[in-house]
Structures are given as C-alpha cells and as structure tokens.
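Here is a colleague's note on one structure, set out in numbered points. Please keep the structure open while reading.

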Amino acid sequence: SATHCRALTPPCDLNRRLTATLILDTYRTCTPPHHAEVALYQLLERALDHLEALDPTIYLVRFFIRFMSLSGFAPQLQRCLVCSEVFSGKACRLHEEAGFVCQRCAAEQAAMRLGETLELPVLKDLALIQQRKQPLEPHPQMVTTMRRLLESCFDKELKSAPIVEEALATP
C-alpha cells in the first residue's frame, strides 16, 4: 500500500509537490483498501520517482490516463464512442464511459449526460499524451478534463484536485 512506500526525495517546487499530492490522492481514493494490484502500485512508485521529468500538467494527464488504463477504463480519445468516427471540430465528454462523443452524436443522443465541450486541439494533445508523445502545448484544461473523466469512471471525488488545478493554471 501507499503507506509502505520507501522514502523519496521531495520535489523541488510547489507545483511538483502539489502534483505528487494529487497522484497520491488518486491512488488512495481510487484503489480499494488492501488491494494488491501490483501494476497500480508500480505506476505510483514510478510516478513519484520521475516527477521531475516533465511539465506537471503533462505528467498528471499521463498518470491519469495510465491509471485508468491499468484499472480497465482506457479512455478513447481519437474516435467517438457512439459512431466511431475520427473527431473533427469539437468533442463532448461523456460521463458514463471513458471517452468522448462527437457533436453530431451528442445532438442526437439527448438522454446522454455530457460534460464540457473540448476543442479539437486539446483532444488531439490528450491523444498524443496517451501515445506517450509530447503535445504541442500543455493546457490546464487537460488535467481537469482527465480528472473528471477518472472521477466519473471510478465514481469517486479527488479532494485535492481543486487546489492542484488552480495552482497549475496560475502562471
């Protein structure tokens, strides 16, 4: 469990420390107590070991995507969940499933509970991060979107998220 982690060198700046807090909060909140999922624990350990490697925004998004994937909720970021078409224009977040729906399907599916609309460049950058590639620009909206998607999939709330997201959004 997270309480048995070995001592790690603390991150050097506030945003990295807050990023570590949200990573730990995700693991603690979304992993059942006494759950022996080795892959999730190894992900946590690697995430904390390599916190200095990337921009905190990209790092958190990458962690959320990997955590969801290892937990069976791999997000679909390139195609509509309903019609399977490659995205063009805008995409809406779908609450019930790990992914997004296109504007056409969102308009046709009035019964769907949809989240905020994302611009295509942000969605494309999320897909690049999922493929372990570097996005053109880290958008603070990416962290919020992936965190909300994670919370929806696990039906849990990450208590530290508002503080961390506010700090990361501040230049």
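1. Helix H6 lies across strands S1, S2 and S3, and its axis runs at about 150° to S3. Helix H5 (residues 120-130) lies across S1, S2 and S3 too, at about 95° to S3. The model is a predicted one, and every point below should be read with that in mind.

2. The sheet under these helices is open and has three strands, in the order S2-S1-S3, with antiparallel pairing. Strand S2 (99-102) and strand S3 (114-119) are the edge strands, each pairing on one side only. From one strand to the next the twist averages 40°. As background, strands of a sheet pair through backbone hydrogen bonds, either parallel or antiparallel.

3. To see one pairing in detail, take strand S1 (residues 90-94) and S3. Four bridges join S1 and S3 in the antiparallel sense. Ala91 stands opposite Leu118 of S3, which gives a place to start when tracing the pair by eye.

4. Which residues of helix H7 (residues 161-169) are buried? They are Ala161, Val164, Glu165, Ala167 and Leu168. These residues are on the same side of H7 because they cover an arc of only 160° around the axis. The face turned away from that buried side carries the exposed residues Ile163 and Glu166. The buried residues of H7 pack against three helices: H1 (14-30), H3 (56-70) and H6 (140-154).

5. One of the buried residues of H7 is Glu165, and Glu165 also has a charged partner. Glu165 forms a salt bridge with Arg147, with the closest N and O atoms 2.6 Å apart. This pair links distant parts of the chain, since Glu165 is in helix H7 and Arg147 in helix H6, 18 residues apart. Glu165 counts as buried because its relative accessible area is 12%, under the 20% cut-off. Arg147 counts as buried because its relative accessible area is 10%.

6. Arg147 has a second partner, Glu151, in a salt bridge of 2.8 Å, N to O. Arg147 and Glu151 are both in helix H6, four residues apart, about one turn of the helix. An α-helix has 3.6 residues a turn, so residues three or four places apart point the same way. Both Arg147 and Glu151 are buried. Through shared partners, salt bridges join Arg147, Glu151 and Glu165 into one network.

7. The model has six salt bridges by the rule used here. Another of them is between the side chains of Asp25 and Arg28, at 3.9 Å, N to O. Asp25 and Arg28 lie in helix H1, three residues apart, about one turn of the helix. Are these two residues buried or exposed? Asp25 is buried, with a relative accessible area of 9%, whereas Arg28 is exposed, with a relative accessible area of 62%.

8. The largest nonpolar core has 53 residues, and Ile23, Phe64, Phe67 and Met146 touch the most other members. Helix H3 gives the largest share of this core, nine residues. Leaving aside neighbours within four places in sequence, Ile23 is in contact with Leu44, Ala47, Leu48, Leu51, Tyr59, Leu60 and Phe63. In soluble globular proteins, nonpolar side chains tend to be buried together.

9. The loop between H5 and H6 contains Pro135. Pro135 counts as buried because its relative accessibility is 6%. Leaving aside neighbours within four places in sequence, Pro135 is in contact with Ile58, Asp125, Leu128 and Ile129. Pro135 and Val122 are 13 residues apart in sequence, and their C-alpha atoms are 9.0 Å apart in space.

10. Two backbone angles deserve a check. Most residues other than glycine have a negative phi. Arg132, in the loop between H5 and H6, has a positive phi of about 65° although it is not a glycine. Asp155, in the loop between H6 and H7, also has a positive phi, near 55°. Arg132 is exposed, with a relative accessible area of 58%, and Asp155 counts as exposed at 69% relative accessibility.

Key
Residues are numbered from 1 along each chain as its sequence is written. This is a predicted model: local features need pLDDT of at least 70, side-chain atom pairs count only at pLDDT 80 or more; totals for chains, interfaces and linings use all residues. Side-chain values use heavy atoms; hydrogens and water are left out. Buried means under 20% relative accessible area, exposed over 50%, partly exposed in between (1.4 Å probe, protein chains only). Helices (H or I, at least four residues) and strands (E, at least two) are DSSP runs, numbered from the N terminus. The arc is that of the directions from the helix axis to the C-beta atoms. Contact means heavy atoms within 4.5 Å. Two strands pair if DSSP finds at least two bridges between them. Axes are lines fitted to C-alpha atoms, for helices over the stretch in contact, and angles run from 0 to 180 degrees between N-to-C directions. A nonpolar core is a set of buried Ala, Val, Leu, Ile, Met, Phe, Trp, Tyr and Cys residues joined through side-chain atoms within 4.5 Å. A salt bridge is a side-chain nitrogen of Lys or Arg within 4 Å of a carboxyl oxygen of Asp or Glu.
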